[in-house]
2 protein chains.
Amino acid sequence: MKDMVKQFDELRRAHLFAQADDAQLATLARVMQEVELAPGDTLFTHGQAAERFFFVRSGRVKLFRISPEGQEKIIEVVEPGQTFAEAVMFMGSQGHYPVNAQAMTDSRLYAFDQKQFLKVLSESSEICLGMLSAMSRRLHMLINQIDGLTLQNATYRLVMYLLEHAPQGLAETTEIELTTPKGVIASQLAIQPETFSRILAKLKRLGLIEVNGNHITLRNLRGLRSLAYVPVPDDTA
Amino acid sequence: MKDMVKQFDELRRAHLFAQADDAQLATLARVMQEVELAPGDTLFTHGQAAERFFFVRSGRVKLFRISPEGQEKIIEVVEPGQTFAEAVMFMGSQGHYPVNAQAMTDSRLYAFDQKQFLKVLSESSEICLGMLSAMSRRLHMLINQIDGLTLQNATYRLVMYLLEHAPQGLAETTEIELTTPKGVIASQLAIQPETFSRILAKLKRLGLIEVNGNHITLRNLRGLRSLAYVPVPDDTA
DNA sequence: ATTTCCCTTTGACTTCGGTCAAGCCGGGTC
DNA sequence: GACCCGGCTTGACCGAAGTCAAAGGGAAAT
């Protein structure tokens, strides 16, 4: 009993399930399956028929596309508490995964069968709204990515990444520990590892940051923001 | 009475409303407002608080972002029968439009108030599913855009555009009438008008297409596809 | 008919980021 | 210790697409 409550709390970390009540989660818990992945394991591939979506319990999964030449572009790295591939279930009768999914580390997931989930969904407007909320977030994220890719240069994107991953505070200086290999970050930002390196070196030369391996010190947040700033009203209502 | 039925059919052109029954649409029809726009009119801007979403009855509306330097990138051109900005309603209590919206032509829209619509939504799982379906389409579209922007070059994107807008058939030759100004297409593909022109000229030189103003003849579909082809299983189940 | 305006095209040049190649560094293994 | 290996960095070079500038062409206005 205690275990189930803990499991529910785990699921509720996802926006998708945040508003669901215990009964609904109990129904879901009955139909979900556990999945374990080792680093490098492929969960599904681009174009494959989509039958389930996933919740990440632990580990990290990368969602990516591959060019004809083998180049890989990571669309998103999914972390514990997040769901992914939910969207596919609504592409008509038979959806196909729009990306590849591969474990970056040992990972434990829950898998939800499309058909069974749709049944739960039709009876729970809470989960339905959670679904819409989760998808809406992804939508915004993708629009921001497109904006960065088309209207901004590589330096902008990298600086944005640093600022987004910095603990937000009032100080002029802050520290970041890169938890992801630099090559992976580069792929997310759609730049080559070489360029990634060079931009970091440039920022260092400009006195804006210091780099020690995966530890980066942002020395001049104002300066960095002025490189990256876009005049968007902030989200505080 | 007849008028209402016609109006319902009009709304049902949108995936969002496709599965809604007459009663639900009647409720919606009661709360929706008509909006008329002249070419160039701004409907909303990036960052503005989002209170309504829209259905296009006639005309065309472009959704776009602007770079600090004033460069414009069109994310999508919305056509009659489509809805847009639905996603914003689920970003917590107070969403903000993630893009600018501006009429390209004289346009007539229906506007739906967020609060009132959410009430209808909570009572109609059909509309909820329609919503999920509409958003899921957008999601796929955006992922494909990102793919094109990061893993493919400008020629690929342009050829893809041509192929997607060609009447699909078995013939080796087909005709396209560009309904959108070339500059607008260029912005959608995230290339400059000059580059757009040059790529068309190149394809012409290669004997793959013929260009007469806005009328384009695809002379060699196999050749074009081989420029653009990506090995993705097709959507036929 | 002529002018104007804007969209489009063409040409010359620039530049950002990619590619290729070589070296570096830290961690694991034997 | 010596070795290897993968991830990262640095340098030299290249090329696709952007920028700047000018000219062509079609439609609307005068």
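**View 1. A:Thr42 in strand E2 of chain A.** A:Thr42 belongs to strand E2, residues 42-44 of chain A. The model shown here, as in every view, is predicted. With 44% relative accessibility, A:Thr42 counts as partly exposed, because that class runs between 20% and 50%. Setting aside neighbours within four places in sequence, A:Thr42 is in contact with A:Ala101 and A:Gln102. A:Gln94 is 52 residues from A:Thr42 along the chain. The C-alpha atoms of A:Thr42 and A:Gln94 are separated by 21 Å.

**View 2. A:Phe17 and the largest nonpolar core.** The largest nonpolar core has 100 residues. Residues of both chains appear among those with the most contacts inside that core: A:Phe17, A:Phe84, A:Phe117, B:Phe17, B:Phe84 and B:Phe117. In soluble globular proteins, nonpolar side chains tend to be buried together. The close-up centres on A:Phe17. Residues up to four places away in sequence are not counted here. The partners that A:Phe17 touches include A:Leu11, A:Leu25, A:Leu28, A:Phe53, A:Phe55, A:Phe112 and A:Phe117. A:Phe17 also touches A:Arg12 and A:Thr83. A second, separate core has 26 residues. Among them are B:Ile185, B:Ile191, B:Leu208 and B:Ile216.

**View 3. The contact between chain A and chain B.** Chain A brings 49 residues to the contact, and chain B brings 51 residues. About 4,300 Å² is buried between chain A and chain B. Carbon and sulfur atoms give 77% of that area. On the side of chain A, A:Leu132, A:Ile146 and A:Leu151 lose the most area to chain B. Together these three make up 14% of what that side buries.

**View 4. Polar links and secondary structure at the interface.** The rule finds two salt bridges across the interface of chain A and chain B. One of the two pairs A:Arg65 with B:Asp147. The closest N and O atoms of A:Arg65 and B:Asp147 are 3.0 Å apart. Six residue pairs are in polar contact across the interface, both residues at pLDDT 80 or more. Four elements of chain A each supply at least two residues of the side that touches chain B: strand E4 (61-66), strand E5 (72-78), helix H3 (114-123) and helix H4 (125-151). H4(A) gives the most, with 21 residues. By class, the side of chain A that touches chain B has 26 nonpolar, 15 polar and eight charged residues.

**View 5. The surroundings of B:Ser107.** B:Ser107 lies in strand E8 of chain B, residues 107-113. B:Ser107 has 2% relative accessibility and therefore counts as buried. A polar atom of the B:Ser107 side chain lies 3.3 Å from the backbone nitrogen of B:Arg60. A polar atom of that side chain also lies 2.9 Å from the backbone oxygen of B:Thr105. Beyond its neighbours within four places in sequence, B:Ser107 is in contact with B:Val35, B:Glu36, B:Leu37, B:Ser58, B:Gly59, B:Arg60 and B:Val61.

**View 6. Positive phi at B:Ala85 and B:Ala190**. B:Ala85 sits in the loop between strand E6 (83-84) and strand E7 (100-103) of chain B. Phi of B:Ala85 is near 70 degrees, a positive value in a residue other than glycine. B:Ala85 counts as buried, because its relative accessibility is 15%. B:Ala190 sits in the loop between helix H6 (182-188) and helix H7 (193-205) of chain B. B:Ala190 is not a glycine, yet has a positive phi of about 60 degrees. With a relative accessible area of 28%, B:Ala190 is partly exposed.

Conventions. Residues are numbered from 1 along each chain as its sequence is written. Chains are lettered from A and ligands numbered from 1 in the order in which they are written. Side-chain values use heavy atoms; hydrogens and water are left out. A nonpolar core is a set of buried Ala, Val, Leu, Ile, Met, Phe, Trp, Tyr and Cys residues joined through side-chain atoms within 4.5 Å. Buried means under 20% relative accessible area, exposed over 50%, partly exposed in between (1.4 Å probe, protein chains only). Contact means heavy atoms within 4.5 Å. Buried area is the accessible area (1.4 Å probe) that two parts lose on being put together, summed over both. A salt bridge is a side-chain nitrogen of Lys or Arg within 4 Å of a carboxyl oxygen of Asp or Glu. A polar contact is a pair of N or O atoms within 3.5 Å; within protein, one must be able to donate a hydrogen and the other to accept it, and residues adjacent in sequence count only if both atoms are side-chain atoms. Ala, Val, Leu, Ile, Met, Phe, Trp, Tyr, Cys and Pro count as nonpolar, Asp, Glu, Lys and Arg as charged, and the others, Gly among them, as polar.
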